Structures are given as C-alpha cells and as structure tokens.
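Reader: I am new to this structure and would like a close look at one part of it. Could you choose a place to start and work outward from there, explaining how that part fits with what lies around it?

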Amino acid sequence: MLFLTRLKILLRRKETLFWVLIFPLLLATAEYLAFGNFVNTTPIDTIPIGIIMTEEYAPSDYLVTAFQSAKLEENKDLFAVTEYDSLDAALLELEENKIILLIYKAEEKTKIEAKTNSTELTVTASLIRQTETIIKTIEEAYQNGYTGTPVEIFENILKENNYFQDISTNKNATFYTIYFYALIAMACLYAALFGVRITTDIRADRSSLGIRISSSVVSKPKLIISYFSAAVSLQFISSCILYIYLALILKISLGANAGLILLTMILGGIAGVSFGMFIGTFKLSEKKSEGVITIFTLGLSALAGLMNVEIKHMVTQNMSFINYINPAAMITDSLYALYYYDTYTSYILYTCLLFSFSLIMLSVVLWKTRGEKYASL
C-alpha cells in the first residue's frame, strides 16, 4: 500500500518526470541527429599506430609487446605498428594520416596523440590501462619468485590467455556508443530528484508530510524502504523506456547482453536515489537541493563522456581516480566493459564500485537521520 501510494505521488511530479524520463529521450534524439549516419556505420578495423622508440620517448617493452600481440580476429592484428626514431617525423606522418594514433612516453606517462576523437582512440586508451594493470601484477609475481624475465611472463600471458584477443570483437562498435552510455548514466543519476524528495518528506523540520509521518505509528524504516523501492522502480521503468528507444527505435548498438545492461541500470538508479537522499540531508530548501543535483548530475556525466569523449579520455589519463568515485563513470565503464570484452572481470569491478557507492550514501543518510527528535510538531 505504501509502495503504490508513493508511486502515485511520484507520477504526479511532472517536473521531476521531465528530467528523469523525457529529457534523456530528447537528448538521445538530439545526439542521434547530430551524429547522423556515423552512429551505426563505423566498424573497427586494424588500427595504424606509431610508436616512438627513442630512449627519451619509448614506452615500456610490455606496452610495445601488447600492441604487437593484440588481435582483432584470429589471423588479423588489432594494430598495425610503425616504429619511429624521431618525434617530429612521427608527428608529420600523423598529420598526413599515414597513422591515426601516436604513442610515446612523456613525463613518465604514456601519451596518445590523435587528430580527432574516434573509436580507435577509446580502444587504444583502454588497452593501455589494462596493460598497466597487468604489468603491476606481473612485477609483483616476478618479485615473489616466478622464473623468467617479466617480459617473457607477459608474452606467455598474452599467448596462453589471449588477454587482449577480444578487446574489440564487436564489429559494430562505434566511437559514438560511449555518448549514449553516458546518457544512460545521466538518466540513472537524475533519480536523485526522487531521492531528495524522500528525505524531505520523512523529516518533520522539512515538510508538513514529515510532521504527519513523525507523529504517526508507521515504522520509519518501513516507510523509507517503501519510498526508496517506489523511486528505484519508477527510475528503472524510465531506464527501460530509454533502453528500448535507443536499441529498437534509434537502433543504437548497446551490446547483446540486455540482462546485464538492465542490471547496471537498476544499480545506477539505486545509486541515483541514494545520492539524492544524501543531498537531502543537508539544510537546503527542496529547490536548492534539486539545483545541486542537476549541477552534479550534468557535471559527473560530462566527466564520463556525455558532452565530449575526449574529456573522459583526459580524466582517465591524468586523474584516473575520479572514475572510481564518479557514479556516472562507473555506469559507463561497466557498460563499456560489457560491450567490448568477453570476460566479466572489469564489469564486475565497476558494478561492485557502483553498489558500494550506494551503500556509502545510504549509510551516511541513516547516520545523519538516526534518532531524530523534535521539541514540538
């Protein structure tokens, strides 16, 4: 009964429904029209890249091995690698489109030069991140008694486990997909507008409804669970509508595993509602809280690639820790990992981070609202 009543209340909030349901659909349409026919017609093929091999600019031997070993198909390389002994010569060939990406080391970091954003840039950056993770693991294993040089161990892993074999086996993968992943993340986080209303409605110092609730015999935990469930359910319904619109009407290739995509949307909705409840615990008016949520939602989605994928690439290159605390990035990275990789390791990592984010938000909410008492109602 409480669940259905709350659902009816949320459905009457037309302004919130616009941001949660209508706005993502409008933005998806705008992005689709802006990208035109490129959305579904950019396949991934062998990527011509350049690597500078001078002592000053050469990346690690591990990374060079990874680029040389990665496969698009069993008999087809993912990268066509050209080695250069001059940065100026490499940049010239990049400008002349003889290569589309240039990889080199600068300031102890691996850099990628590219003329434009592309699927190839996203895939290459992902491979570099995965390689760096493996390098740390291998070096620790080597220090603990493994035989052979670290490079030999690395080559064996590539050969036996085909770690990079399926980095991009989906031939319909496009650079533009990440925009729509970020849009899904934004839609999930807008559920925070439902969450802030929950906190407002259960507190006697915030609303007349809160006064009635505080003086009623209804269990507050039961009430919160019902309100929370109603908000997450409505958000999930809106996410399903968005997913159907993207996949079936706009025909955006989001990946074949619809079940796990929907699971990510559920977790994203939970994260959004939890974040809204957290914002609602601060002493702000409802309008100010909604303004804060709008700013944070758009800002976090922008960092996850909503406005420009290059922003996400820059964050990953220079401030990668942000991706581990940004719920929008967790959503996009989990969908990205599900789309591009056959293994579920990265997907599980990001969904666990997303779930942990929700738990932290809810824990703070419970801590800040525990045992509240009022002098008069």
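Author: A good place to start is Glu108, which is found in the loop that links β5 to β6. The model is a predicted one, and that should be kept in mind for everything that follows. Glu108 is not a glycine, and yet its phi is positive, at about 65°. Its relative accessible area is 70%, and because the cut-off for exposed is over 50%, Glu108 counts as exposed.

From this loop one can step to the two strands that it links. β5 and β6 run antiparallel to each other and are paired over six bridges, and one of the places where they meet is Lys105, whose bridge partner in β6 is Thr110. On the β1 side the pairing of β5 is of another kind, since β1 and β5 are joined in the parallel sense, over three bridges. Gly50 shows this pairing at the level of residues, as its bridge partner in β5 is Leu102.

β1, which covers residues 47–52, has five of its six residues buried, and it is therefore largely enclosed by the rest of the structure. This strand is also joined to β4, residues 79–84, by six bridges, and these two strands run parallel. Within that pairing, Ile47 stands opposite Phe79 of β4.

Taken together, these pairings give an open sheet of four strands, ordered β4-β1-β5-β6, in which the pairing is mixed. The edges are held by β4 and β6, each of which has a single partner strand, so that one side of each is left without a neighbour in the sheet. From one strand to the next, the twist averages 25°. Across β1, β4, β5 and β6 lies helix α3, made of residues 61–69, and its direction is at about 140° to that of β4.

The sheet also leads to the open space in the model. The largest pocket holds about 1100 Å³ of space, and its lining is made up of 45 residues, with Ile128, Arg129, Glu132, Thr316 and Gln317 lying nearest its centre. Among the elements that give two or more residues to this lining are β5 (101–106) and β6 (109–114), the two strands on either side of the loop described at the start, and they are joined in this by α5 (119–143), α13 (309–318), α14 (327–340) and α15 (345–369). The largest share, 11 residues, comes from α5. In character the lining of the pocket is divided into 16 nonpolar, 16 polar and 13 charged residues.

Enclosed space is a separate matter. Rolling a probe the size of a water molecule over the atoms shows where empty space is left. Across the whole structure, a search finds two cavities of 30 Å³ or more, and the largest cavity holds about 120 Å³. Its lining consists of Leu121, Thr122, Ala125, Arg129, Ile178, Val309, Lys312, His313, Thr316, Asp333 and Tyr336. The elements that give two or more residues to the lining of this cavity are α5, α13 and α14, and each of these three helices also appears in the list for the largest pocket. Five of the residues lining the cavity are nonpolar, three are polar and three are charged. Arg129 and Thr316 belong to this cavity lining, and they are also among the residues lying nearest the centre of the largest pocket.

One further loop can be set beside the one that holds Glu108. Lys251 lies between α10 (220–249) and α11 (258–280), and it too has a positive phi, near 60°, in a residue other than glycine. With a relative accessibility of 56%, Lys251 counts as exposed. The helix before this loop, α10, contains Tyr245. Tyr245 is 220 residues away from Leu25 in sequence, but the two are 7.6 Å apart in space from C-alpha to C-alpha. Leaving aside residues up to four places away in sequence, Tyr245 touches Leu25, Ala28, Thr29 and Leu250.

As a setting for these parts, the protein has 15 helices and six strands, and 48% of its 377 residues are buried. Among its contacts with a separation of 6 or more, 74% are between residues 24 or more positions apart.

Definitions and conventions. Residues numbered from 1 in each chain as written. Predicted model: local features only at pLDDT ≥ 70, side-chain atom pairs only at ≥ 80, totals over all residues. Heavy atoms only, no water. 1 Å grid on protein atoms, 1.4 Å probe; cavity = no way out; pocket = protein on both sides within 12 Å on 5 of 7 lines; lining within 4 Å. Points joined across faces, edges and corners; volume = space filled by probe spheres on them. Nonpolar A, V, L, I, M, F, W, Y, C, P; charged D, E, K, R; others polar. Buried < 20%, exposed > 50% of the residue type's maximum accessible area, 1.4 Å probe, protein only. Pairing = 2+ DSSP bridges. Axes fitted to C-alpha atoms, helices over the stretch in contact; angles between N-to-C directions. Contact = heavy atoms within 4.5 Å.
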